[in-house]
Amino acid sequence: TGLVPCGREMSLQAVAAAPPAAAAAVAVASGSPSGAGGASQHVTVHCPVVFGSAAFWLGRKADETATHRWTLYVRGAGNEDISYFVSKVTFHLHESFAQPVREVLQPPYEVTELGWGEFDARIRLHFRDPGEEPIDVVHSIKLYPSGNVPPSLKKPVVHEVYDEVVFTSPKQSLFEKMHRDCRTKHSSISFQEHLPEFSDAHDMQVLVEAQKLVLDELNRAKEELVRMEQERATLSQRLAERSGPGRRKLGPR
């Protein structure tokens, strides 16, 4: 078992997104299952998972030691219930919190606290198959929007990272459970409407918007070049007129 960092990270202030219609939670790369009870030989199963945090600002009248209410969580990339392969999640918070180690045995896998400072939390995923070693991930809890965006009482600061847990030659029982349960169950987080969407359609939309941005920048650069060329031509013409017939040219004696 391993974790594949996919480089899909979102840090934003309140992006509202509808849940994707159907998330392909399990993708079999190659191979075929073996007989009952054994391992699925030469089979690789990818299980998308999202590690995230959402922080709500409590306003200017909040206590200076509790300026935000934040939630640290693990969810399926398509909001599916990941308990088909996750048995529990252990959250390791900053040692200043009472009971800094929290175990969550069923979805939604999340913990909520009050605080004032940002910190890195450690998240440990435990799997249904006891033969699979747990995986640790470090996630940064962000409380404040980036740039000069002012805090909002209505919209949280959401920071999410998409990854994939990869099972190589999983046991036959786990393999069958993954294919049976990966699309049939869904889990909801209390602030679901504020979460970004990880899906092929969303990625395509991001690419289209990025392409449009690049084309717009190229067109602006071309327009600027045309303008500068026109200015150069105008200056050259003026210089030529000043040094034309009837004007005394200075040269070496």
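Here are some questions and answers about this predicted model.

Q: In what order do the elements of the protein chain run from the N terminus on?
A: Let's start with the overall layout. The protein chain holds 2 helices and 10 strands. Read from the N terminus on, the order of these elements is β-β-β-β-β-β-β-β-β-β-α-α.

Q: What percentage of the residues of the protein chain count as buried?
A: A residue counts as buried when its relative accessible area is under 20%. Applied to the 253 residues of the protein chain, this cut-off gives a buried share of 40%.

Q: Which residue of strand 5 does Glu103 pair with in a salt bridge?
A: Side chains of opposite charge can pair when their charged atoms come close. For Glu103, the closest N and O atoms of the salt bridge with Lys88 are 3.1 Å apart. Glu103 lies in strand 6 (residues 101–104) and its partner in strand 5 (residues 86–92), so the bridge ties together parts that are 15 residues apart in sequence. The strand 5 partner is Lys88.

Q: Is Lys88 buried, partly exposed or exposed?
A: The cut-offs to keep in mind are under 20% for buried and over 50% for exposed, with partly exposed in between. Its salt-bridge partner Glu103, at a relative accessible area of 48%, is partly exposed. Lys88 has 22% relative accessibility, so Lys88 counts as partly exposed.

Q: How many residues apart in sequence are the parts tied together by Arg122 and Asp136?
A: The side chains of Arg122 and Asp136 meet in a salt bridge, with 3.3 Å from N to O. Arg122 belongs to strand 8 (residues 119–127) and Asp136 to strand 9 (residues 135–141), so the pair ties together parts whose separation in sequence is 14 residues.

Q: Which residue is linked with Arg122 and Asp136 in a network of salt bridges?
A: Two members of the network are already familiar: Arg122 and Asp136 share a salt bridge. Arg122 is partly exposed at 31% relative accessibility, and Asp136 is partly exposed with a relative accessible area of 36%. The residue that joins these two in the network is Arg124.

Q: About how many helical turns separate Lys212 and Asp216?
A: Lys212 and Asp216 form a salt bridge whose closest N and O atoms are 3.1 Å apart. Lys212 is exposed, with a relative accessible area of 52%, whereas Asp216 is partly exposed at 27%. Because the two residues are 4 residues apart in helix 2, their separation is about one helical turn.

Q: What accessible area do Val214, Leu215 and Leu218 have together?
A: These three residues form a nonpolar patch on the surface. One of them, Leu218, is found in helix 2 (residues 200–242) and is partly exposed, with a relative accessible area of 45%. Together, the three residues of the patch have an accessible area of about 270 Å².

Q: Which charged residue is in the lining of the second largest pocket?
A: About 160 Å³ of space lies in this pocket. By class, its lining has 3 nonpolar, 4 polar and 1 charged residues. The lining consists of His94, Ser96, Phe97, Gly115, Trp116, Gly117, Glu118 and Phe119. Since Asp, Glu, Lys and Arg count as charged, the residue asked for is Glu118.

Q: Which strand gives the largest share of the lining of the second largest cavity?
A: A search of the whole structure finds 3 cavities of 30 Å³ or more, and the second largest holds about 40 Å³ of space. Its lining has 12 residues, with Trp57, Leu143, Pro151, Ser152 and Val157 nearest its centre. They divide into 8 nonpolar, 3 polar and 1 charged. The largest share, 3 residues, comes from strand 3.

Q: What is the phi of Gln99?
A: Most residues other than glycine have a negative phi. Gln99 lies in the loop between strand 5 and strand 6 and is exposed, at 57% relative accessibility. Although Gln99 is not a glycine, its phi is positive, at about 50°.

Q: Is the peptide bond from Pro107 to Pro108 cis or trans?
A: Most peptide bonds are trans. Pro108 is placed in the loop between strand 6 and strand 7. With omega near 0°, the bond from Pro107 to Pro108 is cis.

Key: Residues numbered from 1 in each chain as written. Predicted model: local features only at pLDDT ≥ 70, side-chain atom pairs only at ≥ 80, totals over all residues. Heavy atoms only, no water. Patch = residues over 30% accessible without salt bridge, like charges linked within 9 Å, V, L, I, M, F, W, Y side chains within 5 Å. Areas by Shrake-Rupley, 256 points an atom, 1.4 Å probe, with all protein chains shown as cover. Salt bridge = Lys/Arg side-chain N within 4 Å of Asp/Glu carboxyl O. Buried < 20%, exposed > 50% of the residue type's maximum accessible area, 1.4 Å probe, protein only. 1 Å grid on protein atoms, 1.4 Å probe; cavity = no way out; pocket = protein on both sides within 12 Å on 5 of 7 lines; lining within 4 Å. Points joined across faces, edges and corners; volume = space filled by probe spheres on them.
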